[in-house]
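Trainee: Could we go through this structure term by term, so that I learn what stands behind each label?

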Amino acid sequence: MKSRRKNATLQFLDIKSINTDPISQFKIWFDEVISSGVQEPAAMTLATSTRKGIPSARIVLMKKFDEKGFVFFTNYKSNKAKQLELNPNGALVFHWKELNRQVRINGKIKKITGKESDDYFAIRPLLSNVSAVVSPQSKIIPSRDFLENLFNEFYLKSDNKKVERPLYWGGYRLSPSRIEFWQGRENRLHDRIVYVKRKSGWQIYRLAP
Ligand SMILES: Cc1cc2nc3c(=O)[nH]c(=O)nc-3n(C[C@H](O)[C@H](O)[C@H](O)COP(=O)(O)O)c2cc1C
């Protein structure tokens, strides 16, 4: 059967020309993703696992990144939060299919400071914050009506004013120890360049696709 898959773009990755700092390299790619009009550019798969290593994965939105790591926001009583309490090791995956690119990141995940979470909560739309307050994320609920009633009751009480961030909602930061950049190439002979954090700095090498 003839493959319908189109050849990859002509982009490539090379150790000689790639940035020696993976966060700077991520920024170059992320800026290109934004300017290419990719839908949900910040959507990333977050994998966590139980203490015994049973994994689960879901999409979250990356809201900030810098030398310290990659930040996302969630409910601190959710399933992922419970897993992170017992096992802080996590993994992130971005897939930007329009650019034939994937980035895989591993590292430890920790809560950000209350101040950082407050600052972000303060700039979110009011109704998103009402949802964050009322949704008992990852818990079984009896019906959609149950959730909508919680939402409406809280919204009426809030009187269209600012909502305080509940202590059970906030950010996490994954501090990277390994970052892999994958660029799709022609004939599936793809590029994979990996950065691994060592005491002396980032070690960079190429992997077979
Ligand atoms: C595009 C997209 C973006 C999402 N962004 C977030 C997010 O930033 N934070 C979050 O807690 N859940 C987000 N979710 C929902 C999660 O995938 C997941 O359902 C939720 O966090 C509960 O996961 P858990 O039960 O494993 O803790 C998003 C889902 C999608 C499809």
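Trainee: How do the residues of the shell around the ligand divide into nonpolar, polar and charged?

Mentor: This is a predicted model, in which local features need pLDDT of at least 70 and side-chain atom pairs count only at pLDDT 80 or more, while totals for chains, interfaces and linings use all residues. Residues are numbered from 1 along each chain as its sequence is written, and side-chain values use heavy atoms, with hydrogens and water left out. The shell around the ligand divides into four nonpolar, five polar and two charged residues, where Ala, Val, Leu, Ile, Met, Phe, Trp, Tyr, Cys and Pro count as nonpolar, Asp, Glu, Lys and Arg as charged, and the others, Gly among them, as polar.

Trainee: What surrounds the ligand?

Mentor: The ligand is surrounded by Arg58, Ile59, Val60, Leu61, Phe73, Thr74, Ser78, Asn79, Lys80, Gln137 and Ser138, and a residue is listed if one of its heavy atoms lies within 4 Å of the molecule.

Trainee: What makes a pair of atoms between Arg58 and the ligand a polar contact?

Mentor: A polar contact is a pair of N or O atoms within 3.5 Å; within protein, one must be able to donate a hydrogen and the other to accept it, and residues adjacent in sequence count only if both atoms are side-chain atoms. An oxygen atom of the ligand is 2.9 Å from an N or O atom in the side chain of Arg58, so this pair meets the limit of the definition. The side chain of Lys80 likewise has an N or O atom 2.6 Å from a ligand oxygen, whereas for Phe73 a polar backbone atom lies 2.8 Å from a nitrogen atom of the ligand. The protein covers 63% of the 620 Å² of accessible area that the ligand has on its own, an area obtained by the Shrake-Rupley method with a 1.4 Å probe, with only the protein chains shown counting as cover where residues are concerned.

Trainee: Which elements give two or more residues to that shell?

Mentor: They are strand S2 (55–61), strand S4 (69–75) and helix H2 (79–86), and the largest share, four residues, comes from S2. Helices (H or I, at least four residues) and strands (E, at least two) are DSSP runs, numbered from the N terminus; the chain has five helices and nine strands.

Trainee: Why is Val71 called buried and Glu85 exposed?

Mentor: Buried means under 20% relative accessible area and exposed over 50%, with partly exposed in between (1.4 Å probe, protein chains only). Val71, in strand S4, has a relative accessible area of 2% and is therefore buried, whereas Glu85, in helix H2, has 61% and is therefore exposed.

Trainee: Why does Ser158 count as buried?

Mentor: Its relative accessible area is 12%, which is under the 20% limit, so Ser158 is buried. This residue of helix H5 also has a polar side-chain atom 2.7 Å from the backbone oxygen of Tyr155.

Trainee: With which residues is Val71 in contact, leaving aside its neighbours within four places in sequence?

Mentor: Contact means heavy atoms within 4.5 Å, and the partners of Val71 beyond those neighbours are Leu61, Met62, Lys63, Lys64, Ile112, Tyr172 and Arg173. For Met62, with its neighbours within four places set aside, they are Phe26, Phe30, Ala42, Met44, Phe70, Val71 and Phe94.

Trainee: What makes a set of residues a nonpolar core, and which members touch the most others in the largest one?

Mentor: A nonpolar core is a set of buried Ala, Val, Leu, Ile, Met, Phe, Trp, Tyr and Cys residues joined through side-chain atoms within 4.5 Å. The largest has 43 residues, of which Phe26, Met62, Phe70, Trp96 and Val103 touch the most other members. In soluble globular proteins, nonpolar side chains tend to be buried together.

Trainee: What is notable about the phi of Asn187 and of Arg188?

Mentor: Phi is near 55° for Asn187 and near 60° for Arg188, in each case a positive value in a residue other than glycine. Most residues other than glycine have a negative phi. Asn187 is in the loop between S7 and strand S8 (191–198), and Arg188 is in the loop between S7 and S8. Asn187, at 65% relative accessibility, counts as exposed, and Arg188, at 53%, is exposed because that value is over 50%.
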